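Visitor: Could you walk me through this one while I have the coordinates open? I'd like to go chain by chain and then look at some details.

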Amino acid sequence: MSSSSADSGDQHPDPRPDQSYGDLDGSGVDDTTPGVDSSDQATQQPTTWREVFEQSESGLRRFLAGKLPQDADVDDCLQSVLVAMLKNETKIPAAARRAWLYRVAGNEAARWWRHKSTTDRVLEKHAETVYGVDTVVPANIETKETLDQINRAINNLDENSRQIVNLRLRDGMTFQQIADQLNLPLGTVLTRMRRSMQKLRNEIDGDKD
Amino acid sequence: MKADTNSNDQSESVRDRCLAYLLGEMTPQQASTFEAGLVDPVLADALLRESDLLCAVAMSDSSAHTHFKSRSVSIRQIASLVATLAAAILVFVAYRFSKESESNPNDLQVSAAPAAELFDLQVAKTWVDPAIDWDADVRENIAVTAIDDIFNDVDDTDVDETFEWMVAAVEASIDLGDDQNDG
């Protein structure tokens, strides 16, 4: 995955297996191979929402195909994801846009299954008519609590790791740019990012348990 | 124990792959291979959980910065709007004040003059009611002229003419008084 010694020369030794993202394609082989040119790396970071969607469309389609029974349903949900993207007014950092699209796709698939049931459809319609219940509200509450948990977990990270996470996710810098700015080996940056995300997962999952 | 450890490692590995995919750190070929595996519900669920985590981490920082920025921007906007309104009100008040101070003196003088003349005319009419026929048009001119003459500086030669109407009025009133005494 990552460009390593090809660009860094003698300053950055070949990354050890634990300093990389490891086996990325599930082939059982560490994909961080020395001598990989940086140009082989991932495509340029998309700058617009449209570019993010176009790059993610095939993956979104596969993702929805695993959750929905028919291709027509997949197309409908994909269309809903596109509409949600166009209507979105929340500022999403560039690094998180693809993840946001997959979240929306997951929600749309779940909504599709809810609507499929005749009984659920009637109850939902009745609830909307009489009580005006906004079904999005519980998700907002959960998101707020999750954000609080995330903030606590981020504050528990060490300064270097927190800095790398912020630079990558908030500022949208690439790992290579982060490594150059912090004067660290690329592998080190990757490792810290990976471990930070592991810690955050464990803390979030631990709180939920 | 070993199985659990292996399971955890595998789970972490899967999550790491999901993270790399979501951050765009894979080559196109790697991404294509990853996407082909998304039909597997295990991988799909792992991707969804990693997406949730990534969004939450990115939004937690962004929400704080955006909120602060939008809040400070809105305070600045409100302050500038208030200052603009205050300045406009001050200008308006100053303009009105200057306009009123220019126009007021003339208005007072113009309104006072005709009222004073009418009052004097009424006094004269009341004073000399039977002596002179006030219905004729000439009388008003004489009264106004007489009033003006009273308040103006006049020569001695003009005194008799000026007070002629008053003399006539006094004579008329005396005649009336003699008649009553005889009765």
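Visitor: In what order do the elements of chain A run from the N terminus on?
Guide: They run α-α-α-α-α-α-α-α-α, so chain A has nine helices and zero strands, where helices (H or I, at least four residues) and strands (E, at least two) are DSSP runs numbered from the N terminus. This is a predicted model, in which local features need pLDDT of at least 70 and side-chain atom pairs count only at pLDDT 80 or more, while totals for chains, interfaces and linings use all residues. Residues are numbered from 1 along each chain as its sequence is written, and chains are lettered from A and ligands numbered from 1 in the order in which they are written.

Visitor: And what share of chain A is buried?
Guide: Of the 209 residues in chain A, 32% are buried, a residue being buried if 20 or more other C-beta atoms lie within 10 Å of its own, exposed if 12 or fewer and partly exposed in between, with C-beta atoms placed from the backbone.

Visitor: What about contacts between residues 24 or more positions apart in chain A?
Guide: Such pairs account for 61% of the chain A contacts with a separation of 6 or more, where two residues are in contact if their C-beta atoms, placed from the backbone, lie within 7 Å.

Visitor: Let's pick a helix. What does α4 of chain A span?
Guide: Helix α4 of chain A covers residues 97-116, which is 20 residues, and reaches 29 Å from its first C-alpha to its last, close to the 28 Å expected at 1.5 Å a residue; the expected span is 1.5 Å times one less than the number of residues. Its buried residues include Trp100(A), Leu101(A), Tyr102(A), Val104(A) and Gly106(A), and also Glu108(A).

Visitor: How does α2(A) pack against α4(A)?
Guide: Helix α2 (residues 49-65) of chain A and α4(A) pack at an angle of about 40 degrees, with their axes 10 Å apart; axes are lines fitted to C-alpha atoms, for helices over the stretch in contact, and angles run from 0 to 180 degrees between N-to-C directions. The two helices are therefore oblique to each other, given that angles under 35 degrees count as roughly parallel, over 145 as roughly antiparallel, 65 to 115 as roughly perpendicular and the rest as oblique. On the α2(A) side the contact is made by residues including Trp49(A), Phe53(A) and Leu60(A), and on the α4(A) side by residues including Arg97(A), Leu101(A) and Ala105(A).

Visitor: And which way round is α2(A) relative to α3(A)?
Guide: α2(A) and helix α3 (residues 71-87) of chain A pack at an angle of about 150 degrees, with their axes 10 Å apart, and that makes α2(A) roughly antiparallel to α3(A). Among the residues making this contact are Trp49(A), Phe53(A) and Leu64(A) of α2(A), together with Val74(A), Leu78(A) and Val81(A) of α3(A).

Visitor: Back to Arg97(A): buried or exposed?
Guide: Arg97(A), which is in helix α4 of chain A, counts as buried because it has 26 C-beta neighbours inside 10 Å. Not counting residues up to four places away in sequence, Arg97(A) touches Trp49(A), Val52(A) and Ile92(A). The C-alpha atoms of Arg97(A) and Thr48(A), 49 residues apart along the chain, are separated by 9.5 Å.

Visitor: Where is Thr48(A), then?
Guide: Thr48(A) is in the loop between α1 (5-8) and α2 of chain A, and with 10 C-beta neighbours inside 10 Å it counts as exposed.

Visitor: What is phi for Asn183(A)?
Guide: Phi of Asn183(A) is near 60 degrees, a positive value in a residue other than glycine. Most residues other than glycine have a negative phi. Asn183(A) sits in the loop between α8 (175-182) and α9 (186-208) of chain A, and it is exposed, with 7 other C-beta atoms within 10 Å.

Visitor: Switching to chain B, how many helices are there?
Guide: Chain B comes to six helices and zero strands, and 19% of its 183 residues count as buried.

Visitor: What confidence does chain B get?
Guide: Chain B averages a pLDDT of 73, with 57% of the residues scoring at least 70; pLDDT is the predictor's confidence in each residue, from 0 to 100. Over residues 62-69 of chain B the pLDDT is below 50, and beyond near neighbours in sequence this stretch has five contacts in the model.

Visitor: And what does the predictor give the complex?
Guide: The predictor gives the complex an ipTM of 0.70 and a pTM of 0.56.
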